[in-house]
Amino acid sequence: MSKTPPSRPLRPATLLVRGGTMRSSMDETSEALFLTSGFVYDSAEQAEATFNGTETHYQYSRFGNPTVQMLEQRLALLEGAEACRMTATGMAAVHAAMLSHLKAGDRVVASRALFGSCHWIVSTLLPRYGIESVFVDGGDLGQWQAALARPTALVLLETPSNPMLEMVDLAAVADLAHKAGAIVVVDNVFATPLLQQPLKFGADVVVYSCTKHMDGQGRVLGGAVLGTRKWVEEVLQPFTRNTGPAISPFNAWVILKGLETLSLRVNAMCRSAAAIADFLAERPEVARTLYPFRADHPQQALARRHMSGGGTLVTFELRGGTGEAKDAAFRFCNALRVIDVSNNLGDAKSMVTHPATTTHMRIGAAERAKLGITDGTIRLSVGLEDVADLIDDLAEALDAAGGTVARAAE
Ligand SMILES: *Cc1c(COP(=O)(O)O)cnc(C)c1O
């Protein structure tokens with residue numbers, strides 16, 4: 001069975017490879033895949049004892065599964081959280097974290113710059129159940145202060161945000177939220193647990209789409225919710241156990257193996273993203289480049305306080321030149337020969353998205369304008385290809401997109 005881990009704390013890269021491993025009686029090297037829906041008991045007495053809680057035994061994979069549990073323990077160790085529960089998708093994680101905690105009559109305050117489906121839950125789903133929801137500009141502390149002047153049950157935010165990479169001052173918002181009686185739920189997908197640990201800044205719950213960097217190779221969907229043991233066991237667990245957003249043990253196993261290389265991948269992707277941001281910022285076709293660790297990012301100091309790296313995403317705005325910005329953006333996307341057009345992110349393969357016509361199409365033009373998303377905005381998720389090939393590809397696509405711009409700028 002598993003060796004006793006050392007009592008000294010292990011570093012993240014070690015936890016990613018070894019954290020939470022439970023070796024079975026077969027003494028396997030690699031984490032075992034328990035692809036089983038249920039479990040058997042030695043006797044009717046053991047089944048009874050398991051159900052009345054006097055004995056601990058796996059019952060059914062909707063409640064718990066050894067492969068899933070290894071992943072939960074690994075993520076909890078990495079995050080510095082007391083407990084973790086996996087879900088089938090990132091959206092199931094966000095939904096379960098919110099709906100397990102909320103009831104009719106409650107109030108939610110959220111940053112406006114949210115992943116599209118998170119925005120839909122707050123703006124459309126919650127009001128259906130009699131839960132009031134209020135959006136604020138995440139970077140504006142005055143708006144948080146005004147919105148949290150009234151009793152509130154839950155705050156949801158994303159930092160850095162999608163796609164404009166806007167930062168929220170976590171410590172300041174957590175302080176205001178706690179005074180209003182709210183728990184703070186942070187969607188930490190863009191930063192990954194390696195670059196930013198929201199619990200250290202006062203957040204109560206952290207949610208992930210493990211579909212992104214944790215799998216990181218475009219194979220499976222998964223989600224995670226992390227918090228205190230008390231909240232996870234008393235609030236979240238009864239909800240997930242009975243409503244059933246359970247992850248497949250197979251998907252959990254893929255993510256578990258994905259985590260082994262997370263640190264290598266995220267560090268390499270951050271290095272390339274920083275180099276690409278510097279390249280883009282010098283190009284005449286690019287009106288604005290957003291990367292949290294660049295000196296021209298409006299919240300660079302806050303980003304450096306929260307994160308140990310600038311992240312794997314770069315957002316930039318193309319000039320329309322003599323034509324429409326959307327046409328320039330489409331010409332640019334269509335001229336890429338290495339980088340894919342795809343709405344996913346955090347993958348080994350680099351990808352671009354045109355948010356105005358895809359991920360942020362449904363929120364409408366007025367809401368997009370409030371977020372600063374224009375028809376020229378492009379989000380680039382930087383992958384693991386050779387950065388020189390990525391820069392060559394971007395350069396050629398910018399030439400194709402902006403012939404008119406370069407000439408107009410002369
Ligand atoms: C992808 C994503 C989600 C949703 O995750 P799924 O696994 O696709 O359900 C939520 N928040 C952010 C920031 C994301 O990038």
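Ten residues line the largest cavity: Pro-160, Leu-165, Phe-190, Ala-191, Pro-292, Met-307, Gly-310, Gly-311, Thr-312 and Leu-313. The model shown here is predicted. The report starts with its cavities, then turns to one lysine, the domains and the open pockets.

## Cavities

How many cavities of 30 Å³ or more does the structure hold? There are 2. The largest cavity encloses about 50 Å³ of space. Its lining has 7 nonpolar residues, 3 polar residues and no charged residues. Both domains take part: domain 1 (12–259) and domain 2 (263–409) each give at least three residues to the lining of the largest cavity.

The second largest cavity holds about 40 Å³ of space. Its lining consists of Asn-188, Val-189, Thr-192, Pro-193, Tyr-208, Ser-209, Lys-212, His-213 and Met-214. Two elements, α8 (192–195) and β6 (205–209), each supply at least two of the lining residues of this second largest cavity. By class, this lining divides into 4 nonpolar, 4 polar and 1 charged.

## Lys-212

Lys-212 belongs to the lining of the second largest cavity. Where does Lys-212 sit in the chain? Its place is in the loop between β6 and β7 (223–227). UniProt, in an unreviewed entry, marks Lys-212 with the feature "modified residue: N6-(pyridoxal phosphate)lysine".

Is Lys-212 buried or exposed? Its relative accessibility is 10%. Buried means under 20%, so Lys-212 counts as buried.

What does Lys-212 touch, leaving aside its neighbours within four places in sequence? The contacts are Phe-115, Val-189, Asn-344, Leu-345 and Gly-346. One of these partners, Val-189, also lines the second largest cavity.

## Two domains

The domain assignment splits the protein chain into domain 1 (12–259) and domain 2 (263–409). The contact takes 34 residues from domain 1 and 39 residues from domain 2. Taken over C-alpha atoms, the centres of domain 1 and domain 2 are 28 Å apart.

## Pockets

Now for the open spaces. The largest pocket has a volume of about 850 Å³. It is lined by 33 residues, and those closest to its centre are Phe-63, Gly-64, Glu-72, Arg-85 and Gln-237. Which elements each supply at least two residues of the lining of the largest pocket? They are α2 (44–51), α3 (66–79), β1 (83–87) and α9 (229–243).

The second largest pocket has a volume of about 720 Å³. Its lining counts 25 residues, with Pro-5, Arg-18, Gly-19, Gly-20 and Thr-21 nearest its centre. Here α1 (12–18) and α3 each supply at least two lining residues. Of these, α1 gives the most to the lining of the second largest pocket, with 4 residues. Helix α3 thus appears twice: it supplies residues to the largest pocket and to the second largest pocket.

The table sets out the lining of each space by class.

| Space | Nonpolar | Polar | Charged |
|---|---|---|---|
| Largest cavity | 7 residues | 3 residues | no residues |
| Second largest cavity | 4 residues | 4 residues | 1 residue |
| Largest pocket | 12 residues | 13 residues | 8 residues |
| Second largest pocket | 8 residues | 10 residues | 7 residues |

Methods: Residues numbered from 1 in each chain as written. Predicted model: local features only at pLDDT ≥ 70, side-chain atom pairs only at ≥ 80, totals over all residues. Heavy atoms only, no water. 1 Å grid on protein atoms, 1.4 Å probe; cavity = no way out; pocket = protein on both sides within 12 Å on 5 of 7 lines; lining within 4 Å. Points joined across faces, edges and corners; volume = space filled by probe spheres on them. Nonpolar A, V, L, I, M, F, W, Y, C, P; charged D, E, K, R; others polar. Domains from an automatic or database assignment. UniProt positions renumbered as here; feature names shortened; annotations may be inferred. Buried < 20%, exposed > 50% of the residue type's maximum accessible area, 1.4 Å probe, protein only. Contact = heavy atoms within 4.5 Å.
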